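Here is a short note to help you find your way around, with the points in an order that should be easy to follow on screen. Please keep the view open as you read.

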Amino acid sequence: MTRLRPLYLLSLIAALSLNIACNKDDETYYYSEASYTNCGLTSFSINANNKILAGLDSVYFSIDLITAQVFNADSLPPETDVTRLVPSISAQAARTIELTFKSRFTGNDTTVNFTENPKDSINFSSPVKLTVTAYNSNTKRDYTVKVNVHTVKSDTLVWDNDPVVSLPADFTAQRSVKIGDRLITLGHNASGDWSLITTTGIPGETAPSVEPATVPASADLNSFSATGQALYIADTDGTLYTSTDFGTSWASTGATMHCVYGGYGDTLLGSRRDNDGWHQVTWPAAADEPLLPSGCPVSGTSQLITYESKWTSAPMAIMIGGRDASGHLSGDAWAYDGSAWNRVSTLGIDERTGVTLLPYFTPYTTGAWRVDEQSVLLAMGGTYEGENGTEVSNTVYISRDMGITWAKGSTYLQFPESFPGFYDAQAFVIDSRLSVDSRISRPITSWECPYIYLYGGLKADGSLLTDVSRGVINRFTFKPLQ
């Protein structure tokens, strides 16, 4: 037996060599059992078709191999025609890929062999069954494909039907300002009784405090303003008063402002009428008080807002509309850069007074079908000189370049027809935290949503809008993509 062992070893080596050689020439050697039965989907997209939607081929589809779901998390615009889309599909080791869907002609189930007919259009108006058959022809897996389309106009600015909060029913005038995390409304009734309403946090979520207010004699409600540290109001003669205890008590500053624009950080901006014309003034007072540029408004302008941009070395304060020293009605935007006022708009809004101005965001879609946010300015409402005299508007204008050029907003941004025209309202953008069910695996459970709160405003007959309205662009209320 010992002598024969080398012969056995040689025979075994030869047999193994022959087996290896045969397998090397056999093409099926390269397929493992795992790939031979693999039904995994590797990609899904929709081919380009600009007649249906620009950028259709860049819409991203998620493939969940655990639940066998294929879907676009960011839905297509409302009313997108998805009844004749041509998909692009790949799988790791598919012998065939089939799509079963409702025929748009008969409503019956129709099956298309995508492997043989990759250019056939598919009706995705309802869920489509996608079947992958592996190389062994026996192993199959069904996927559900959903092409999601928004059922609401996602870029529409919508307003609550019910008021978030209401001002006192007997108020005939009001003006609201924001200081820190407080919204403070000062107003009075027809009898001249003044009240101070303070809301801390988000309107409607916390109960406001309402208390009687004592204001300086002959106080001009339209001059009520705030900086980062104090409240201000001027009387009808232009004497400026300040309050550092949120309106409980007032003291004269000794300064005169015949027009109060608003706060710029801790500085109050305004103008003063002297014998030689209107001067640019501040409080605390600056050493230099130059004449205002020609055309700069001295009454009826919007609330003042402040913003920063990469093009400026200091924050910018901006206002729009109003009347200048000669009484001329304007639709221009004016900005203050920390030292001087300048007209910044090359194309303004229609000439009007009492406009409401606010910074906001609008969504826009990039070429890669990614929705991002763009900072914009919105101007809304106001009075203008129409064919029948002074008329009141609820038109919304938009600037996408921080006040340089303005255009009437799209129909998505306009108020509903039932919303009355208004002027002299104030608007504030406050983030509210929205949330969803947190039982989903690794979810986004909450996110900040920028709501607009529109305070007050007068209607065409001069009566006060006592309901505080809340608006938001629909898309911002949707759960963000993960």
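1. A good place to begin is an open sheet of 4 strands, ordered β15-β16-β17-β18 with antiparallel pairing; strands here are DSSP runs of E with at least two residues, helices are runs of H or I with at least four residues, and both are numbered from the N terminus. Two strands pair if DSSP finds at least two bridges between them. At the edges stand β15 (219-226) and β18 (251-256), each with a single partner strand, so one side of each has no neighbour in the sheet. From one strand to the next, the twist averages 30 degrees, where axes are lines fitted to C-alpha atoms and angles run from 0 to 180 degrees between N-to-C directions.

2. Before going further, note that this is a predicted model: local features need pLDDT of at least 70 and side-chain atom pairs count only at pLDDT 80 or more, while totals for chains, interfaces and linings use all residues. Residues are numbered from 1 along each chain as its sequence is written, and side-chain values use heavy atoms, with hydrogens and water left out.

3. Now look at β15 and its partner. β15 and β16 (residues 231-235) form a hairpin with 4 residues between them, and they pair in the antiparallel sense over 4 bridges. A219 has D235 of β16 as its bridge partner, and A226 stands opposite L231 in β16. Of the 8 residues in β15, 6 are buried (under 20% relative accessible area; exposed is over 50%, partly exposed in between, with a 1.4 Å probe and protein chains only).

4. For the wider picture, the protein holds 2 helices and 34 strands. Of its 482 residues, 43% count as buried.

5. Which residues touch the most other members of the largest nonpolar core? They are Y360, L378, F415, F422 and L454, out of 36 residues in this core. Such a core is a set of buried Ala, Val, Leu, Ile, Met, Phe, Trp, Tyr and Cys residues joined through side-chain atoms within 4.5 Å. Elements giving two or more residues to this core include β9 (157-159), β26 (356-365) and β33 (446-458); β33 gives the most, with 7 residues.

6. F415 deserves a click: not counting residues up to four places away in sequence, F415 touches W159, M380, N394, V396, F422 and L454 (contact means heavy atoms within 4.5 Å). Apart from this core lies another, of 29 residues, among them F44, I46, L76 and F101.

7. Is T80 buried or exposed? At 12% relative accessibility, T80 counts as buried. T80 is placed in the loop between β3 (69-71) and β4 (87-91). Leaving aside neighbours within four places in sequence, T80 is in contact with I52, L53 and V149.

8. Finally, the structure holds 1 cavity of 30 Å³ or more. On a 1 Å grid over the protein atoms alone, a cavity is a set of points where a 1.4 Å probe fits but cannot get out, and lining residues have an atom within 4 Å of a point. The largest cavity has a volume of about 50 Å³, and its lining includes R175, T301, D424, A425 and Q426. β32 provides the largest share of that lining, 3 residues.

Terms used:
1 Å grid on protein atoms, 1.4 Å probe; cavity = no way out; pocket = protein on both sides within 12 Å on 5 of 7 lines; lining within 4 Å. Points joined across faces, edges and corners; volume = space filled by probe spheres on them.
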